[in-house]
There are 2 protein chains.
Amino acid sequence: MSLKIINENIMRSNEDYAQKVREQLKKNRILMINMISSPGSGKTSLLEKIIPPLKGKVSLAVIEGDCYTAKDGERINVLNVPVIQINTQGSCHLNAATIHQVITELELEKIDLIFIENVGNLVCPAAFDLGEDYKMAIVSTAEGSDKPVKYPMLFRDSHITVLNKMDLLEHTDFDLQVFKQDIARINPDNRIFEISCKTGQGIEQVVKFFLTQVKK
Amino acid sequence: MSLKIINENIMRSNEDYAQKVREQLKKNRILMINMISSPGSGKTSLLEKIIPPLKGKVSLAVIEGDCYTAKDGERINVLNVPVIQINTQGSCHLNAATIHQVITELELEKIDLIFIENVGNLVCPAAFDLGEDYKMAIVSTAEGSDKPVKYPMLFRDSHITVLNKMDLLEHTDFDLQVFKQDIARINPDNRIFEISCKTGQGIEQVVKFFLTQVKK
């Protein structure tokens, strides 16, 4: 059996599980977002900022993916929302089989919105469908404006992009115009939010956006 | 054939090729460094800073790994050193078979030092031995000080860690003491360089370090 066939089998099996997850979400009218970014772009910080204002209005849960630690899960846990921590034991992405397995631990009929914080990596997480409604790319101004061109799959498949650390913009060489143009070229439907988890800039807009997206 | 056996075969085959690369390097007394970081931590920027002062004293070459583009290779090319660009077509890491294949394109007997810029990712590149003398981790102050704890394999296997964007330190919550303590706990032999590719801080020390390491 060649490696190519094995890889195809992995992707087909993943797609089967993603479909099962999608059916569970549909049945329970749940919106699920797959958050993808490099390590340190601010996925957990963004959740820390948007969960408190969302919490009073919708019922939400978080699935945390990390290679080894539960550090991010612990940060979310203090916000008093259901959190499931998945340790991938070195794997660089989450897969749909794992999501299908853990999602049953949540009281799905009571939940409106699930955020999945994927493993910090711009490459493989973009290739694995988790059954989410859509992917959200998070990048920071400190990473440079060339990320859309270098990791086009993520920006092509993301419905929204959050550009974090706007407070650092003036201290970096980040070219906002190039960044926006490149995303618009790769995926004109990808909506960009400019935010700063440090100063709070743009957080309200992200919160409002998710409130318009929930299904019940 | 189970997936586990396939994975073991991949790693064994990679180790065989890494050994072949190591033999070629040894024969030609070449120092080879495998640079690993998140996207946007500053691998290419670091090369842009250290290559000009190194170039007059040692003969060097660069192998650039990227998913799709040749943008980094083009940035190095203007420095007038031999560059080989590898596009992994979506794979999130370089492997030793590819290095073994491309390294013969270089005039090895004339080269003292090879930098490999791996695909931007903290997870998988750390697991694939490329036959290098050692790995160099690059992180930036904008990414947060929790990276050693969250990606311990990289810091355990790296001989040096370059902490870039020291110019942004005062604008971030990065805890330098925690960062250093965590690295020292994971790998006491991992030497840390605090640098800024923007201001030039620490670049001279990195250059001096590599000059003491070359083998001819």
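Modeller: Let's start with rings: those of Phe, Tyr and Trp count as a pair if their centres lie within 6.5 Å. Keep in mind that we are looking at a predicted model.

Biologist: Thanks! With that rule, how many aromatic pairs are there over all chains?

Modeller: The count comes to ten. One of them joins Tyr134(A) and Phe209(A), with 6.5 Å from centre to centre and 55° between the planes. Planes over 60 degrees apart would be edge-to-face and those under 30 stacked, so this pair is called tilted.

Biologist: Which parts of chain A does that pair tie together?

Modeller: Tyr134(A) sits in strand S5 and Phe209(A) in helix H8, residues 203–213, so the pair links parts that are 75 residues apart in sequence.

Biologist: Are these two residues buried or exposed?

Modeller: Buried means under 20% relative accessible area. Tyr134(A) has 10% and Phe209(A) has 8%, so both pass as buried. The two also belong to one aromatic cluster, together with Phe115(A), Phe193(A) and Phe210(A).

Biologist: Now the nonpolar core. What is the general idea?

Modeller: In soluble globular proteins, nonpolar side chains tend to be buried together. Here the largest nonpolar core has 37 residues, and among those with the most contacts inside it are Val123(A), Leu154(A) and Leu163(B). At least two core residues come from each of strand S5 (134–140), helix H6 (152–157) and helix H7 (176–186) of chain A, and likewise from S5, H6 and H7 of chain B. H7(B) gives the largest share, three residues.

Biologist: Which residues does Val123(B) contact, leaving aside its neighbours within four places in sequence?

Modeller: Its contacts include Cys67(A), Gly90(A), Ser91(A), Cys92(A), Val119(A) and Gly120(A) from chain A, along with Tyr151(B).

Biologist: And what about a charged residue such as Asp66(A): is it buried or exposed?

Modeller: Asp66(A) is buried, at 2% relative accessible area. This residue lies in strand S2, residues 60–66 of chain A. Not counting residues up to four places away in sequence, Asp66(A) touches several residues, including Asp72(A), Gln85(A), Asn87(A) and Lys150(B).

Biologist: Finally, how do I read the relation between the two chains?

Modeller: Try laying one copy on the other. Chain B fits on chain A with an RMSD of 0.0 Å after a turn of 180° and a shift of 0.0 Å along the axis. That is the relation of a two-fold axis. The same surface serves both copies, as 100% of the contact residues of chain B recur in chain A.

Note on methods. Residues are numbered from 1 along each chain as its sequence is written. Chains are lettered from A and ligands numbered from 1 in the order in which they are written. This is a predicted model: local features need pLDDT of at least 70, side-chain atom pairs count only at pLDDT 80 or more; totals for chains, interfaces and linings use all residues. Side-chain values use heavy atoms; hydrogens and water are left out. Copies are superposed by least squares on the C-alpha atoms of residues with pLDDT of at least 70 in both. Contact means heavy atoms within 4.5 Å. A nonpolar core is a set of buried Ala, Val, Leu, Ile, Met, Phe, Trp, Tyr and Cys residues joined through side-chain atoms within 4.5 Å. Buried means under 20% relative accessible area, exposed over 50%, partly exposed in between (1.4 Å probe, protein chains only). Helices (H or I, at least four residues) and strands (E, at least two) are DSSP runs, numbered from the N terminus. Rings of Phe, Tyr and Trp (its six-membered ring) pair if their centres lie within 6.5 Å; planes under 30 degrees apart count as stacked, over 60 as edge-to-face and the rest as tilted.
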